[in-house]
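This report describes a structure for a reader who has not met it before. The sequence and the model are shown first, and the description follows.

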Amino acid sequence: MVNEALKKVNCKEAARLMSERRDRTLSTDETESLKHHLNICINCQRADTQLNFLSRLSKKYAKDVALTTTVVNEASSGNENGSQSSKNS
Amino acid sequence: MSTSASNKTTARRTQLFDEIESHRGYLIRYATAKLRDSAQAEEVVQEALLAALSGANSFSGQSTLRTWLTGILKFKIVDFQRACVSERARTVSATAEEDSADPEWFDKLFDETGHWKEQFSDWQTPDSALEQKQFFETFERCMDKLPGPARRVFFQREVMGTETDEICKDEAISSSNCWVILHRARVSLRECIDRNWFQGKFS
């Protein structure tokens with residue numbers, strides 16, 4: 001049975017929902033609209049898969065790079081620049 | 001106060017200063033992760049260390065020194081972010097534009113009926129990319145191209161896994177604004193990674 005009330009969304013709106021469902025809970029209508037669009041749009045399916053991958057990539061980056069290795073390369077040079085408070089006589 | 005007691009105090013202070021300094025590297029990594037900007041991280045850590053040194057007497061020794069320093073650093077980071085926010089609020093036009101209409105680059109992705117203009121390619125073996133150092137470098141370069149707020153918000157949300165509510169508070173923006181920023185950041189990163197990694201692998 002086709003849900004008459006189902007709001008059809010285009011790619012632009014679907015893309016927004018795809019992103020936002022990672023940050024908030026979508027309403028039932030929003031979920032249905034997105035699901036319907038993803039069923040018929042290969043480009044958005046790919047975009048969605050790639051956004052999932054982006055999340056996995058970010059988590060792996062956090063684990064492997066951001067919080068473990070020395071992120072700041074230039075920072076270690078020029079550490080001591082005599083930041084004693086100036087005591088001019 | 002006797003001379004020996006004062007010498008002892010001085011020695012203790014020097015030792016504490018050295019110990020505090022030894023945590024600088026860790027603190028810079030922590031701040032860089034939060035701010036996603038090494039120069040800003042340096043600056044904030046410097047401020048935090050100065051604050052720690054001048055308040056060294058208030059270190060009770062009940063928590064570890066690193067925990068105590070990280071606590072000070074957290075306050076400094078929040079201060080710094082607040083300052084950035086009010087700085088941005090002063091440059092009203094830029095902020096207003098970011099809030100309302102979609103930026104031009106974003107609009108250009110869709111045709112007048114709201115469909116993607118471009119056909120996306122299927123990313124081949126994305127998981128093997130996750131094993132390559134160069135791929136993370138591409139990811140970093142793509143993140144660095146994002147405008148400041150988008151870079152911070154994305155980093156906090158996806159890399160650090162912070163809840164949006166907390167990010168909104170730190171950035172002093174509404175939830176819907178936060179979602180919009182994240183949406184554009186993700187779309188932009190997807191495109192950047194596609195162009196600089198997955199496309200390049202076949203052309």
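In this predicted model, B:Thr125 is exposed, because 9 other C-beta atoms lie within 10 Å and a residue with 12 or fewer counts as exposed. B:Thr125 sits in the loop between α6 (104–107) and α7 (126–129) of chain B. Its phi is positive, about 35°, although B:Thr125 is not a glycine.

The loop between α6 and α7 of chain B also holds B:Ser121. B:Ser121 is exposed, with 12 other C-beta atoms within 10 Å. Leaving aside residues up to four places away in sequence, B:Ser121 touches B:Phe198 and B:Gln199. B:Ser121 and B:Asp194 are 73 residues apart in sequence, and their C-alpha atoms are 8.3 Å apart in space.

Another positive phi in a residue other than glycine belongs to B:Ala172, with a value near 55°. B:Ala172 lies in the loop between α10 (164–171) and α11 of chain B. B:Ala172 is partly exposed, with 14 other C-beta atoms within 10 Å.

The three loop residues are set out below.

| Residue | Loop of chain B | Other C-beta atoms within 10 Å |
|---|---|---|
| B:Ser121 | between α6 and α7 | 12, exposed |
| B:Thr125 | between α6 and α7 | 9, exposed |
| B:Ala172 | between α10 and α11 | 14, partly exposed |

**The two chains**

Chain A contains three helices and zero strands, and its elements run α-α-α from the N terminus on. It has 89 residues, of which 24% count as buried. Among the contacts in chain A with a separation of 6 or more, 59% are between residues 24 or more positions apart.

Chain B has 11 helices and zero strands. Of its 203 residues, 28% count as buried. Of the contacts in chain B between residues at least 6 apart in sequence, 62% join residues at least 24 apart.

**Where the chains meet**

Contact between the chains involves 32 residues of chain B and 31 residues of chain A. On the side of chain B that touches chain A, two or more residues come from each of α2 (24–35), α3 (38–54), α8 (133–145), α9 (148–159) and α11 (175–198) of chain B. The largest share of that side, seven residues, is given by α11(B). By class, the residues on this side of chain B are 17 nonpolar, eight polar and seven charged.

Two packed helices are described by the angle between their axes and the distance between the axes. Helix α1 (residues 11–20) of chain A packs against α11(B) at an angle of about 105°, and the axes are 9 Å apart. Angles of 65 to 115 degrees count as roughly perpendicular, and α1(A) and α11(B) are therefore roughly perpendicular to each other. In this contact α1(A) uses A:Ala15, A:Arg16, A:Ser19 and A:Glu20, while α11(B) uses B:Trp179, B:Leu182, B:His183, B:Arg186 and B:Val187. Four of these residues are nonpolar, two polar and three charged.

**Nonpolar cores**

The largest nonpolar core has 36 residues, and A:Ala14, B:Val153, B:Phe154 and B:Ala185 touch the most other members. At least two residues of this core come from each of α1 and α3 (42–66) of chain A and α8, α9 and α11 of chain B. The most, 10 residues, come from α11(B). Not counting residues up to four places away in sequence, A:Ala14 touches A:Val9, A:Leu34, A:His37, A:Cys41 and A:Cys44. Another core, of 17 residues, lies apart from the largest one, and its members include B:Ile20, B:Leu35, B:Ala41 and B:Ala52.

**Helix α9 of chain B**

How many of the 12 residues of α9(B) are buried? Nine of them are, and the helix is mostly covered. The buried residues are B:Ala150, B:Arg152, B:Val153, B:Phe154, B:Phe155, B:Gln156, B:Arg157, B:Glu158 and B:Val159. Two of the residues named for the largest core, B:Val153 and B:Phe154, are on this list.

At 1.5 Å a residue, the 12 residues of α9(B) should span 16 Å, which agrees with the 16 Å between its end C-alpha atoms. After α9(B) comes B:Gly161, which has a positive phi, near 70°.

Key. Residues numbered from 1 in each chain as written. Chains lettered and ligands numbered in written order. Predicted model: local features only at pLDDT ≥ 70, side-chain atom pairs only at ≥ 80, totals over all residues. Contact = placed C-beta atoms within 7 Å. Helix = DSSP H or I, 4+ residues; strand = E, 2+ residues; numbered from the N terminus. Nonpolar A, V, L, I, M, F, W, Y, C, P; charged D, E, K, R; others polar. Expected span 1.5 Å × (residues − 1). Buried ≥ 20, exposed ≤ 12 C-beta atoms within 10 Å, placed from the backbone. Axes fitted to C-alpha atoms, helices over the stretch in contact; angles between N-to-C directions. Parallel < 35°, antiparallel > 145°, perpendicular 65-115°, else oblique. Core = buried A, V, L, I, M, F, W, Y, C linked by C-beta atoms within 7 Å.
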